[in-house]
Amino acid sequence: KENLSKAVLKNKRRRENAKKRKDEEMAAGGGGGGQPQSAAPPNHQNGGGGGPRGNGGGGQKPPGSKGNDYQGAAGLLYDPEVEKKKKKLNDKLNSIKTLKQQQAEGKQLEKNQLEKIAKE
């Protein structure tokens, strides 16, 4: 048997347990609804590590964590790439809006800022 570190063994065990749980859910007929399934294990979105954290290590996120993946009915149609593009466009439109406000207040804008307004 290989000589693996504690963290590697722990992560391996966690992946196996997650796969087993997923297989059990599918066998029980619960594979059609709820949260969208992903290829990655549902835990450890905070950068890994594996040292003692005091959160039980049961694969559940602590309450109030920002990594809530539940999307409701929209979760079936959720595409992170599309959401990323939407966010970028909204940010650009907001920056154009602020530039227009500054221009209306009489502030002299730079050449690149005027070009940005023209792109709208």
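## A nonpolar patch near the N terminus of helix H1

Leu9 has a relative accessibility of 33% and therefore counts as partly exposed, since the partly exposed class runs between 20% and 50%. This value belongs to a predicted model, as do all the others in this report.

Leu9 is located in helix H1, which covers residues 6-27. Together with Leu4 and Val8, Leu9 makes a nonpolar patch on the surface, with an area of about 200 Å².

## Overall architecture

The protein chain contains 3 helices and 0 strands. Read from the N terminus, the order of the elements is α-α-α.

Of the chain's 120 residues, 8% count as buried. The accessible surface amounts to about 10,600 Å², and carbon and sulfur atoms account for 51% of that area. Where contacts link residues at least 6 apart in sequence, 35% of them join residues at least 24 apart.

## Confidence of the prediction

The mean pLDDT of the protein chain is 74, and 58% of the residues reach a score of at least 70. Where pLDDT is low, the predicted coordinates should not be read in detail.

Between the helices, the mean confidence is highest in H2, at 91. The lowest mean for a helix is 89, found in helix H3, which comprises residues 111-118.

## Helix lengths and the residues that follow

Helix H1 has 22 residues, and at 1.5 Å a residue these should span 32 Å. The C-alpha atoms at the ends of H1 lie 31 Å apart, so the expected and the computed values agree. Just after H1 comes Gly29, whose phi is positive, at about 90 degrees.

The same check can be applied to helix H2, whose 25 residues should span 36 Å at 1.5 Å a residue. The end C-alpha atoms of H2 are 36 Å apart, which agrees with the expectation. Gly106, just after H2, also has a positive phi, here of about 95 degrees.

## Salt bridges in helix H2

The structure holds 2 salt bridges. One of them joins the side chains of Lys86 and Glu83, with a distance of 3.7 Å from N to O. Both residues belong to helix H2, which spans residues 80-104. Lys86 and Glu83 are 3 residues apart in sequence, about one turn of the helix. Lys86 counts as partly exposed because its relative accessibility is 46%. Glu83 is also partly exposed, as its relative accessible area is 34%.

The other salt bridge is formed by Asp91 and Lys87, whose closest N and O atoms are 3.9 Å apart. That distance falls within the 4 Å limit, so the pair qualifies as a salt bridge. Asp91 and Lys87 are 4 residues apart in helix H2, and so about one helical turn separates them. Asp91 has a relative accessible area of 43% and is therefore partly exposed. Lys87 has a relative accessibility of 55% and so counts as exposed, the cut-off for that class being over 50%.

How values were computed: Residues are numbered from 1 along each chain as its sequence is written. This is a predicted model: local features need pLDDT of at least 70, side-chain atom pairs count only at pLDDT 80 or more; totals for chains, interfaces and linings use all residues. Side-chain values use heavy atoms; hydrogens and water are left out. Helices (H or I, at least four residues) and strands (E, at least two) are DSSP runs, numbered from the N terminus. Buried means under 20% relative accessible area, exposed over 50%, partly exposed in between (1.4 Å probe, protein chains only). Contact means heavy atoms within 4.5 Å. Accessible areas come from the Shrake-Rupley method with a 1.4 Å probe; for residues, only the protein chains shown count as cover. pLDDT is the predictor's confidence in each residue, from 0 to 100. Patches are made of residues with over 30% relative accessible area and no salt bridge: like charges are joined within 9 Å, nonpolar side chains (Val, Leu, Ile, Met, Phe, Trp, Tyr) within 5 Å. The expected span of a helix is 1.5 Å times one less than its number of residues.
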